[in-house]
Amino acid sequence: MHKEFKEIRDLYGIGEENYGVPEKEIAEAEEKLSVRLPQVLKDYYLQLGGHEAINQTQDSLLLPSQLYFSEDGHLIFYAENQAVAVWGIKKADLTQENPPVYMTYDEEEWTDDNNLYDFFVAAAYLQSIFAFPFNANAIDVAPETIRKVKENHREVMFNTRLWSVEFHQNDSEEILALLKSEEQTDLFVAAKTLTRLEQLDNELETDWDYYSPEDE
């Protein structure tokens, strides 16, 4: 069953257009690695793998020619922008259509991080806070600001373990991300229009550490 990635298409406003990599590159990767890639991974490559904003703005989807196995047998397909973390699929799980994804900081200890489809949606949301043209962020926000985000914007039921991020939005014109740690919560917001960013600014009444376009 082929996946359409509707959540990602809606978020980035790309309709039914495809931004895929050539199928030949996928076949060559499978031959080089002597494996069959999971169907969801192949579908993603064929439909959205070449979309730079979704896949390369902050963190990076590895192209088929860049795929590799870790020493303990995880197929590495995604990397944090400073290589602090990578994501992989167990070799034994590659026969599954939508296998579990695991994250690691050292390629030794691995943590479960969604199934492959949900991972791609969460990753696209994370990229959007940097890819959308108008954005702002505030470090260590007050509890009142967190309350406003949670009460006024619906939670998106996709998340990733990196940064323990929680996404909120009311429509595809905005994205609000709460990045949580034991010490603090940081807030990133992004919008497709300056008007929407200004509305978020007025609503949240936050002292931003960065606010576009003034800080550009």
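This is a short walk through one chain, sheet first, then helices, then two single residues. Keep in mind that the model is predicted.

Let's start with the five-stranded sheet. What is the strand order? Reading across, it goes β8-β9-β10-β7-β11. The sheet is open, and the pairing is antiparallel. At the edges stand β8 and β11, residues 210–211. Each of those two has a single partner strand, so one side of each is left without a neighbour in the sheet.

Now go along the pairs. β8 and β9 are antiparallel and share four bridges. They form a hairpin, with five residues between the strands. For a landmark, look at V165, which stands opposite L179 in β9.

Next pair. β9 and β10 are joined by seven bridges, again antiparallel. This is also a hairpin, with four residues in between. Here L176 has V189 of β10 as its bridge partner.

Is β9 enclosed or open to the outside? Largely enclosed by the rest of the structure, because six of its seven residues are buried.

One more pair in this sheet. β7, residues 134–138, runs antiparallel to β10 over five bridges. F134 pairs with A191 in β10. Helix α7 packs on this sheet and touches β7, β9, β10 and β11. The direction of α7 makes about 150° with that of β10.

That brings us to α6, residues 143–152. Which of its residues are buried? T145, I146, K148 and V149. Viewed down the axis of α6, these buried residues fall within an arc of 160°, so they line one face of the helix. Note the lysine in that set: K148 is among the buried ones. Turn to the other side of α6, and P143 and E151 are exposed. What covers the buried residues? The cover includes three strands we have just met, β8 (165–168), β9 (174–180) and β10 (185–191). It also includes helix α7, residues 194–204.

Move to another set of strands, centred on β5, residues 100–104. β5 is mostly covered, with four of its five residues buried. It pairs with β4, residues 86–90, through three bridges, and the two run antiparallel. There, G88 has Y102 in β5 as its bridge partner. β5 also pairs with β6, residues 110–115. That pairing is antiparallel too, over four bridges. In it, M103 stands opposite T111 of β6. β5 and β6 make a hairpin with five residues between the strands. Look at E107 in that hairpin: its phi is positive, near 60°.

Now a helix pair. Two packed helices are described by the angle between their axes and the distance between the axes. For α2, residues 23–33, and α3, residues 39–48, the angle is about 145°. Their axes are 9 Å apart. The crossing of α2 past α3 is right-handed. Which residues meet? E23, I26 and E30 from α2, against K42, Y45 and L46 from α3. By class, the contact has three nonpolar residues, three charged and no polar ones.

Two single residues to finish. First, G20. Where does it sit? In the loop between α1 (6–12) and α2. G20 counts as partly exposed, because its relative accessibility is 35%. Leaving aside neighbours within four places in sequence, G20 is in contact with Y45, L46, Q47, L48, G49 and G50. Y45 and L46 are familiar, since both belong to the α3 side of the helix contact. H51 is worth marking as well. G20 and H51 are 31 residues apart along the chain, yet their C-alpha atoms are separated by 7.3 Å.

Second, Q127, in helix α5, residues 116–131. Buried or exposed? Q127 is buried, because its relative accessible area is 0%, and the cut-off for buried is under 20%. What does Q127 touch, beyond residues up to four places away in sequence? The list includes a run of neighbours: A53, I54, N55, Q56, T57, Q58, D59 and S60. Two tyrosines, Y12 and Y78, also touch Q127.

That's the tour. Happy to rotate any of these views.

Notes: Residues are numbered from 1 along each chain as its sequence is written. This is a predicted model: local features need pLDDT of at least 70, side-chain atom pairs count only at pLDDT 80 or more; totals for chains, interfaces and linings use all residues. Side-chain values use heavy atoms; hydrogens and water are left out. Buried means under 20% relative accessible area, exposed over 50%, partly exposed in between (1.4 Å probe, protein chains only). The arc is that of the directions from the helix axis to the C-beta atoms. Contact means heavy atoms within 4.5 Å. Two strands pair if DSSP finds at least two bridges between them. Axes are lines fitted to C-alpha atoms, for helices over the stretch in contact, and angles run from 0 to 180 degrees between N-to-C directions. A crossing is left-handed if the near helix is turned anticlockwise from the far one by less than a right angle, and right-handed if clockwise. Ala, Val, Leu, Ile, Met, Phe, Trp, Tyr, Cys and Pro count as nonpolar, Asp, Glu, Lys and Arg as charged, and the others, Gly among them, as polar.
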